[in-house]
Structure formats: structure tokens, C-alpha cells
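Work through the exercises below with the sequence and the model at hand, trying each task before reading its solution.

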Amino acid sequence: MPLEMNRDVFITCAVTGSGSTQDKSPHVPRSPKQIADSAIAAAKAGAAVVHCHVRDPETGAPSRDLKLYREVTDRIRDAEVDVVLNLTAGMGGDIVFGAPNPLPTQAGTDMVSAEERVAHVAECLPEICTLDCGTMNFAEADYVMTNTPGMLTAMGRMMTELGVKPEIEAFDTGHLWYAKQLVKDGVLDSPALVQLCMGVPWGAPDDLNTFMAMVNNVPDDWTFSAFGLGRNQMPIAAASVLAGGNVRVGLEDNLMLDRGVLATNEALVGRAVEIIERLGAKVIGPDAVRETLGLVKRAPRG
């Protein structure tokens, strides 16, 4: 893929995630109202897409509760600001092995069927949902993020049949390799949408050589976006624009605006807008994203 700056950039805000960040910042939203309000604020600040997980409103622990997803979806769609909704489908493939013996698995293991992993997508019909395109050791000592080829084929077919655009989450080059196979097999439509996930232990590190290796493995007619964790969130945002891509920021990936300054989602989006515009590019809105990706806006219920 040739290095060519993207002049029309969309921003995705990853609003809350499923990591153990809920007690590290008061700005990480927990309840459906808090998540939706933060997503709406991010949209007003310039995000064309909001990527949402849900959490237990009391504990902040990640959840797959359909009622929570339904409430978040309805609140965002009923808002006065337009935004493309992107729901995670990453949960339900979690294995936590025991120590010193790997079996039986430990608390935190959550392995369910493809149908259950996509149930909230079928219920809420977001315009986009994520598809984590591989299995990997993921940060913690005994936790493995599990996405087998068979599971990805089943989930991908369901998303395609539902008319929901999969956002391929690529944490390493092999994930892009398999994503291209899913398109070749007719499971996913082409051109596809990819999120390059940089600096997540133990996937692709967030150095520029690795980043460009990821970019160069994205087919020319696909659309890609990228994010980095923590202090590298904004540098990767700038690198993605320069390499022809789009930008993801948000509290899922980074809690800080500056050293010692806790961020909000809207502040991170505002910082990304400033970076994009200073590079000479334009931040585009949800209608332009829909036109680029072939999405159809969903109407509110009722």
C-alpha cells in the first residue's frame, strides 16, 4: 500500500471498553446512560463513529447483557446529534487458565457460542460491529483472547447476513492474513473495514516499522483506522492519517489527556481533531462515513 496521506479522516471514539479501567478514572462511564452521554459528547466534539461496550452499572465490570446494549443503543439513536454506532462483539471468547495447572479454567473465563456472541448485534442492529480476527495472549499472565477460524467464520457470516458492517480488529499481521481469507471465502464483503490495534500486549508493538508493516498488509481498496494505547494514542493517530488511514481515540485505550491530567472522551476527540486539522486534513462526519463504507442509517425505535 503506497504511503499517501488521508485528507478526509473520520474519528472513532472507543467510549469505555471492557478492561479494568473503571476504578482508575472517574470519567470511565459505567451505566448505559453514562456510556450514551459520553458517546453523544464525543460525537458533538467531532467523532463520526462511537464504539461501545457495556458494563455492570454497579461494579463497572464488563457485561454482555442485552438489556444494557439495548438501552445504550436507544439513548444514542434518540439523541439530537447523529453518529454511527459501532458495538463490540469481542466478548465471549475469554479463557483464563489456572496456575500451576491450566485446567480447570479460572474465574473470568467466558466462552459462548457464535450466536450468543452476536445476540446483541442481532437485537440492536448497529451499523458496525467488531470482529477480532485472531487468538492471542492478551496482557495478563494467564488470559487468552480466543477467536478460532471456525468461530470467526460463523460470526462473520451472521454479521454479513444481518447487514451489519464488520470492523476487523487486527492485533497482528496474521489477523490481517486471515481477514483477507474471510473475504476470499465470501464470509465478509469487500472492500472491508479494518482497525489496526497497536501496542496491545502481546500483539503488534506500536513502533512505526511494525505499524507500516500492518498498513502495507491492508488491501488498497479497504478502509483502515488505527489506535495506540496510553501515551502513544495521539502519535499513532497522526501516523495513521499520514499513512492514509483514519483515527480511533477514547477512554478504552487511554485515560490521560496530558501528563497528570485525566481525559474525557470528548477531550480526546477534541485533541484528535486538532491533530488531524493541523496536518492539513479534514474531519468528516457520519453521513460521509456512511457513504464511504456503504452503511445505512438506522432509525430510532418507535
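**Exercise 1. What volume does the largest cavity hold, and which residues line it?**

Step 1. The largest cavity of this predicted model encloses about 40 Å³ of space, and the count of cavities of 30 Å³ or more comes to one.

Step 2. The lining is made by Arg 64, Tyr 69, Thr 88, Ala 89, Gly 90, Met 91, Glu 116, Arg 117 and His 120.

Step 3. Sorted by character, the lining residues of the largest cavity fall into three nonpolar, three polar and three charged.

**Exercise 2. Describe the largest pocket: its volume, its lining and the elements that contribute to it.**

Step 1. The space in the largest pocket amounts to about 1000 Å³.

Step 2. Its lining consists of 37 residues, and those that lie nearest the centre are Ser 18, Gly 19, Phe 138, Glu 140 and Tyr 143. Two or more lining residues come from each of β7 (93-96), β9 (128-132) and β11 (143-145).

Step 3. By character, the lining of the largest pocket comprises 14 nonpolar, 13 polar and 10 charged residues.

**Exercise 3. Trace the closed barrel and identify bridge partners along it.**

Step 1. Eight strands close into a barrel in the order β2-β3-β6-β9-β12-β13-β14-β15, and their pairing is parallel. From one strand to the next the twist averages 25°.

Step 2. Strand β6 (residues 84-87) pairs with β9 in the parallel sense over two bridges, and Leu 87 stands opposite Cys 129 in β9.

Step 3. Strand β2 (residues 11-14) runs parallel to β15, to which it is joined by three bridges; here Cys 13 has Val 249 of β15 as its bridge partner.

Step 4. On β14 and β15 the pairing is again parallel, with two bridges, and Ser 225 is found opposite Asn 246 in β15.

Step 5. The residues of β15 can now be sorted by direction: Asn 246 and Arg 248 point one way, Val 247 and Val 249 point the other way, and all of them are buried.

**Exercise 4. Is helix α8 largely enclosed or largely open, and what covers its buried residues?**

Step 1. Residues count as buried when their relative accessible area is under 20%. Because eight of the 10 residues of α8 are buried, the helix is largely enclosed by the rest of the structure.

Step 2. The buried residues of α8 are Gln 233, Met 234, Ile 236, Ala 237, Ala 238, Ala 239, Ser 240 and Val 241.

Step 3. Their cover includes β1 (8-9), β13, α7 (208-215), β14, β15 and α9 (265-278).

Step 4. After α8 comes Gly 244, which has a positive phi, near 100°.

**Exercise 5. Which strands form the open sheet, and which of them are its edges?**

Step 1. The open sheet has four strands in the order β8-β7-β11-β10, with antiparallel pairing. Its edge strands are β8 (110-111) and β10 (136-137), each of which pairs on one side only.

Step 2. Two bridges hold β7 and β8 in the antiparallel sense, and Asp 94 has Asp 110 in β8 as its bridge partner.

Step 3. The loop between β7 and β8 contains Gln 106, which counts as partly exposed because its relative accessibility is 39%, a value between the limits of 20% and 50%.

Step 4. Although Gln 106 and Ile 95 are 11 residues apart along the chain, their C-alpha atoms are separated by 7.9 Å. Leaving out residues up to four places away in sequence, Gln 106 touches Val 96, Phe 97 and Gly 98.

**Exercise 6. Decide whether Val 83 is buried or exposed, and list its contacts.**

Step 1. Val 83 is placed in the loop between α2 (66-77) and β6. With a relative accessibility of 9%, Val 83 therefore counts as buried.

Step 2. Val 83 lies 34 residues from Val 49 in sequence, yet the two are 5.6 Å apart in space, C-alpha to C-alpha.

Step 3. Not counting residues up to four places away in sequence, Val 83 touches Ala 43, Ala 47, Ala 48, Val 49, Val 50, Ile 76, Glu 127, Pro 286 and Arg 290.

Definitions and conventions
Residues numbered from 1 in each chain as written. Predicted model: local features only at pLDDT ≥ 70, side-chain atom pairs only at ≥ 80, totals over all residues. Heavy atoms only, no water. 1 Å grid on protein atoms, 1.4 Å probe; cavity = no way out; pocket = protein on both sides within 12 Å on 5 of 7 lines; lining within 4 Å. Points joined across faces, edges and corners; volume = space filled by probe spheres on them. Nonpolar A, V, L, I, M, F, W, Y, C, P; charged D, E, K, R; others polar. Pairing = 2+ DSSP bridges. Axes fitted to C-alpha atoms, helices over the stretch in contact; angles between N-to-C directions. Buried < 20%, exposed > 50% of the residue type's maximum accessible area, 1.4 Å probe, protein only. Contact = heavy atoms within 4.5 Å.
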